Every structure is written in C-alpha cells, then in structure tokens.
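Hi,

Here is the structure I promised to send over. Have a look at it first, and then read on for my notes.

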Amino acid sequence: MKFTKNSETFRVEEIMQPILSEGKWFYYLMNKTGIDTPNAAKTLEKENETEIFYSGLKDANAQTTQWICAEKKLKGPEDKRIGIEYFGTSRQKIRTGMHSANRFTIRLEKITPQDRETIKKISTTFFPNYFDDQRFGAKNVKVAQHLLKEEWENALKSAMTHAEEFETEKSKEIKKIIAQNWGKWEKLGKDEELPLPKRKIFESLQEKEDWKKAFTLLD
C-alpha cells in the first residue's frame, strides 16, 4: 500500500468532551489545514489580542479539528486556513494533554489483498502515536536523558525553564522568571506571576530539596 501525507489524505480529530457551563473561558472548535497548531493560535492571538489555549499539537500537513479556548469571544479569522466554531463557556481552561485521544483518518493507495487483511486487524486497535518529532521534541528528549541517569534536579530544571518556539509569550516569561531565580525557592513560591501548581513545587523544595518528589509534582 502507499500513503502520501497531505491535507487530502490525512485527517486528525481531537477527542475531548469539555464540560460547558457558565464560566469565563470561551470554547471553540478550530478547524484548520496547511498550518500547525502553534502558528494558528498565534494568528488568533494577534487578531483578537488575547491568549489562546489548546490541548495538543496538530499537523500543518493535514485537515485537523481541535478544541481551543480564550478569555474573550473570538472573531472569525482572516486567515482562510483557519475556521472556528463557538460552542459555549466553561469554568475550566484547556490545558496541555486534556484531550483523551485523537482520531486519525487516512486515505491509502495501491492496496493489495494482503494489505486489506492487515487493515482489518488494526482498524479497531488503539495505539500510541509516535509520529516524527511531535511526541519527542528537543525538550522532552533532554528531560528523558536526565531521567535515565536519575538526574532529578536537572530533569526538573529542564522541564521548568526550557522554552520552545511554539510556546506562548506568557509561558516563555514564566520560564524565564524560574530560570533567573532557580534555587530561590521561597521567592518563587510566593511569586504570584507563576501558576499555583508551579508555586507548590517550589514550596515543596523549600521544605526539603527532594528532587524526585518535586519532579512528580509537575503538571
């Protein structure tokens, strides 16, 4: 069989069941093609002057559907590669990894009878998506290398201070604050610029520098 990956042959649908009710977060389904999730989010952020939150990364070279949220109503994007549909509000902000799975639809060519038997066997199977560098980015690899050596402090520091290109400016600023004040646990634990889960990690380190325990407190 043959598979040529493009927006006509590859579709990704994010599976998530958000709890919609009265709340400050406005929820949308974003449909896109020809642009990846970080750049689509940046486009919406620029047009609406608000931060966009999403659960997972979706390919540029595909038709994709995923949930996003913001603290204000969004206007329809000018970029024709992106479409959004409003569904309601929620008390919960979308966070990384919040979705339960992704549904993939692919179109194959030149399928042989043997290929058809193989497809039947895997058509009802769920399996991890180890797709190019989407699952194993530079930061994740670095953290994993530290974990394999049981270098718990280095793993924690790398996870909390290394910013990647697709991250929001707010996320980058938070990591910059942590990097500049690494070791000043009391200061970081009281810094209201940092999210509460991260402050809890520094409060734990202030009591005792148990790096392994601190690492398990990561989101």
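I count 8 helices and 6 strands in the protein chain. Bear in mind that this is a predicted model. Reading from the N terminus, the order of elements is β-β-α-β-β-β-β-α-α-α-α-α-α-α.

On the overall dimensions: along the principal axes, the C-alpha atoms take up a box of roughly 65 × 45 × 30 Å. The chain has 219 residues, and 39% of them count as buried. If you take the contacts between residues at least 6 apart in sequence, 67% of these link residues at least 24 apart.

Now the surface and the charges. The accessible surface adds up to about 13900 Å², with carbon and sulfur atoms contributing 50% of that. There are 40 positive and 36 negative charges in the protein chain, and their mean positions lie 2 Å apart.

One helix pair I'd like you to look at is H4 with H5. Helix H4 covers residues 152-161 and helix H5 covers residues 169-180; the two pack at an angle of about 145°, and their axes are 8 Å apart. On the H4 side, the contact is made by Ala159, Met160 and Thr161, while H5 brings in Lys175, Ile178 and Ala179. Sorted by class, that contact comes to 4 nonpolar residues, 1 polar and 1 charged. The nonpolar ones are Ala159 and Met160 from H4 plus Ile178 and Ala179 from H5, with Thr161 as the polar residue and Lys175 as the charged one.

That's what I have so far. Shout if anything is unclear.

Cheers

Terms used. Residues are numbered from 1 along each chain as its sequence is written. This is a predicted model: local features need pLDDT of at least 70, side-chain atom pairs count only at pLDDT 80 or more; totals for chains, interfaces and linings use all residues. Side-chain values use heavy atoms; hydrogens and water are left out. Axes are lines fitted to C-alpha atoms, for helices over the stretch in contact, and angles run from 0 to 180 degrees between N-to-C directions. Helices (H or I, at least four residues) and strands (E, at least two) are DSSP runs, numbered from the N terminus. Contact means heavy atoms within 4.5 Å. Buried means under 20% relative accessible area, exposed over 50%, partly exposed in between (1.4 Å probe, protein chains only). Accessible areas come from the Shrake-Rupley method with a 1.4 Å probe; for residues, only the protein chains shown count as cover. Lys and Arg count as positive and Asp and Glu as negative; His and the chain ends are not counted. The place of a charge is taken as NZ of Lys, CZ of Arg, CG of Asp or CD of Glu.
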